[in-house]
Amino acid sequence: MVTMLLSALDQTIVSTALPTIVGELEGLSHMAWVTTAYILAATIGMPIYGKLGDLIGRRKLFLTALAIFVLGSALTGFAQDMPQLIVFRALQGLGGGGLMIVSQAIIADLVPVRQRAKFMGPMGAVFGLAAVAGPLLGGWITDHTTWRWAFWINLPLGVAAFAVSYYAIKLPHRKATVRFDYLGAALMAVAVTALILVCTWGGSEYDWTSPTILWLIALTAAASVLFAVVEHRSKEPLIPLRVLRNPVFSIATLIGMIAIGLGMFAVISYMPTYLQMVYGYSATESGLLLIPMVAGMMLTAIASGHLVGRIGRYKGFVIAGMAVIPAGVWLLSTLTVSTPVALVCLYLAALGAGMGLVMQNLVLAVQNAFPRNEVGTVTSSNNFFREIGATVGVAIVGAVFAGRLTDALEGAAGAGALGGAGPESITPAIVRSLPEAARDQVIDAYADSLLPVFAALVPVIAIGLVLAVFLPHRRLQDEEPVPARR
């Protein structure tokens, strides 16, 4: 749980520290890469760690990923310029992606499948906690010490986790009998890199119809096709294409991409901005107001984990969660500028409760549908596609929101409501300093730009409910865990 927390935390902890970091290191033009480098390396690393764990065993792989993560954290804190920071963040991500995957696969090795939900529930809750706690912690550290401690904070926890894991985790070591799929890994890395660059640069650094974006889209498509061809011919593919034909895997993965990518990450990404601009809260306060969502997620994740372990069935919880998630997003879309903030927190708690019923039960369903010697591969593949879905989903929501907001604020600027400030430079502080009539116009612009986007997401997310109904159910069986050996 500690390593899952650390790896998930570092996806978001830099968000509130970024203005200070880029100012000190003079790297405004490379700001997006501080986050992108971590996510890119983690996403690429996921299927590699999953396959290697199945081939050679997970104990040494887990310790290696943890060591890479701790080393990357230390070096990132010592970075003297932006190129160093970006490279060390990528090193961090390479370790962090392994921690996310191997920690879940180790649970599958150690815990009988019938009891696994009790352990997977808290893991999912920790992932959700990190998504909200990251920006809060990053902002607090930057305000009270130095941004470098946002990375150095990983060192004591990481070293302690390494020591405990070294002595406590006892798993068999395997000797690979086939060659690792290096060509597949390289093509996967090219496809993922090109896709994430499209999502990161499209509409911001470059116009969506620019030659750069179009070439990246073409590269994504070409590398993906070649990857599929190589995986079809490989004796031990990185992501076996046959898993896509398994209805449990394909449906569970699609639900995860929809529910997590469009449900949780879209809300987490844009609700804090809404709370700051519409309600006038500070960055820290807007992050704290997401705590009800985390609380709802932790409550249902842990409770459903115990219930699934007791009754041996997971499908009903996934269906319930997929009914609650679109309802929560729809409730958020009904907000007005006069809605009490307590009601906003209640809606966020409902969304979190739905997420807690879905996240780790989907991983459990996938693991239960395959033999033990493929647990790492299918777990990493499920997380891999979920991460891709989240990246693409947040990019699409962000592009639509930004376009609507830009048009609305340009109208306000044209009417003189921004008091000379341009749409690109409007901040919560500027909004609070405007005359009441002008302030109301800007607040309405934010509400009218974001809330209809949430409403448009509801029917898309509701597709996940339909998929959940057709999710094949395989009763969880008791089984013996992997023999404990070093």
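A residue counts as partly exposed when its relative accessible area lies between the buried limit, under 20%, and the exposed limit, over 50%. The legends below refer to a predicted model.

**Figure 1. Overall view of the predicted chain, which has 18 helices and 0 strands.** The C-alpha trace spans about 70 × 50 × 45 Å along its principal axes. For 486 residues, a compact globule would be expected to have a radius of gyration near 23 Å, and the 22 Å of the chain therefore agrees with that expectation. Of the 486 residues, 55% count as buried. Among the contacts with a separation of 6 or more, 84% are made by residues 24 or more positions apart.

**Figure 2. Close-up of His 473, in the segment after α18 (436-469).** The relative accessibility of His 473 is 27%, which falls between the two limits, so this residue counts as partly exposed. When its neighbours within four places in sequence are left aside, His 473 is in contact with Gly 312, Arg 313, Tyr 314 and Lys 315. Gly 389 serves as a further reference point: it is 84 residues from His 473 along the chain, and the two C-alpha atoms are separated by 24 Å.

**Figure 3. Close-up of Ser 381, in helix α16 (residues 375-414).** Ser 381 has a relative accessible area of 0% and is therefore buried. Apart from residues up to four places away in sequence, Ser 381 touches Ile 239 and Phe 249.

**Figure 4. Close-up of the crossing between helix α5 (residues 82-110) and helix α6 (residues 113-144).** The axes of α5 and α6 come within 10 Å and cross at roughly 165°. Angles over 145 degrees count as roughly antiparallel, and α5 and α6 are therefore roughly antiparallel to each other. The crossing of these two helices is right-handed.

**Figure 5. Close-up of the residues through which α5 and α6 meet.** On the α5 side, the contact is formed by Met 100, Ser 103, Gln 104, Ile 107 and Ala 108. Their counterparts in α6 are Arg 116, Phe 119, Met 120, Met 123 and Phe 127. By class, this contact of α5 with α6 comprises 7 nonpolar, 2 polar and 1 charged residues. Ser 103 and Gln 104 belong to the polar class, whereas Arg 116 belongs to the charged class. Among the nonpolar residues are Met 100 and Ile 107 in α5, together with Phe 119 and Phe 127 in α6.

Methods
Residues numbered from 1 in each chain as written. Predicted model: local features only at pLDDT ≥ 70, side-chain atom pairs only at ≥ 80, totals over all residues. Heavy atoms only, no water. Axes fitted to C-alpha atoms, helices over the stretch in contact; angles between N-to-C directions. Helix = DSSP H or I, 4+ residues; strand = E, 2+ residues; numbered from the N terminus. Parallel < 35°, antiparallel > 145°, perpendicular 65-115°, else oblique. Left-handed = near helix turned anticlockwise from the far one by under 90°. Contact = heavy atoms within 4.5 Å. Rg over C-alpha atoms; globule rule 2.2 N^0.38 Å. Buried < 20%, exposed > 50% of the residue type's maximum accessible area, 1.4 Å probe, protein only.
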